[in-house]
Amino acid sequence: MAPGSSEGRLPNSASRDTVELRKATMAQERDPLIEKFNEKEKAEEDIYFARRDRELIAKLREVRDEGQRRHIRELAYMRCPDCGARLKRATHHGVTIEECPAGHGMWMSEDELHALAKRERDSWIARYLYRPRL
Ligand SMILES: [Zn+2]
């Protein structure tokens, strides 16, 4: 054998042995129990973060929905459901009502309706509201 060729082969086989030894050591370090524990921990983390994300998204959606509800209430407040015109306040026979300026309807609160019905005992409103009790 030529000295050069044996010198050339020696470090190669030595480094191959080192690699094999390292693989064996790593294989020994891979404890299936520890791996299972790590997997379980990772799964629990995933569940925790998924739940936290869901809760954050739900909160954001709640805030957005509440903002939209408030906006819609502000837009629809005191407006005719038919044409969207602002309702006019008017007083008829001492009872205050809200009415559409285009004549689509009249609105009154429950208290206003009862006030009218009590005063007009023979009216259809009184019969509608109080007939069972009269
Ligand atoms: Zn209207």
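I started at the first hairpin: S1 and S2 form it with two residues between them, and His 93 in the turn has a positive phi of about 50°. Note to self: this is a predicted model.

Next I looked up how S1 and S2 pair. They run antiparallel over five bridges. I picked out one position across the pair: Ala 90 stands opposite Ile 97 in S2.

Then I moved on to the other hairpin, S2 and S3. Six residues lie between these strands, and Gly 103 takes a positive phi there, near 85°. Strand S2 covers residues 95-99, and its antiparallel pairing with S3 has two bridges. I checked the partner of Glu 99 and found Met 106 in S3.

Now for the whole sheet. I get three strands in the order S1-S2-S3, an open sheet with antiparallel pairing. Which strands stand at the edges? I find S1 (88-92) and S3 (106-107) there, and each has a single partner strand, so one side of each is left without a neighbour in the sheet.

A reminder for when I look at the side chains: in a regular strand they alternate between the two faces of the sheet.

Terms used. Residues are numbered from 1 along each chain as its sequence is written. This is a predicted model: local features need pLDDT of at least 70, side-chain atom pairs count only at pLDDT 80 or more; totals for chains, interfaces and linings use all residues. Two strands pair if DSSP finds at least two bridges between them. Helices (H or I, at least four residues) and strands (E, at least two) are DSSP runs, numbered from the N terminus.
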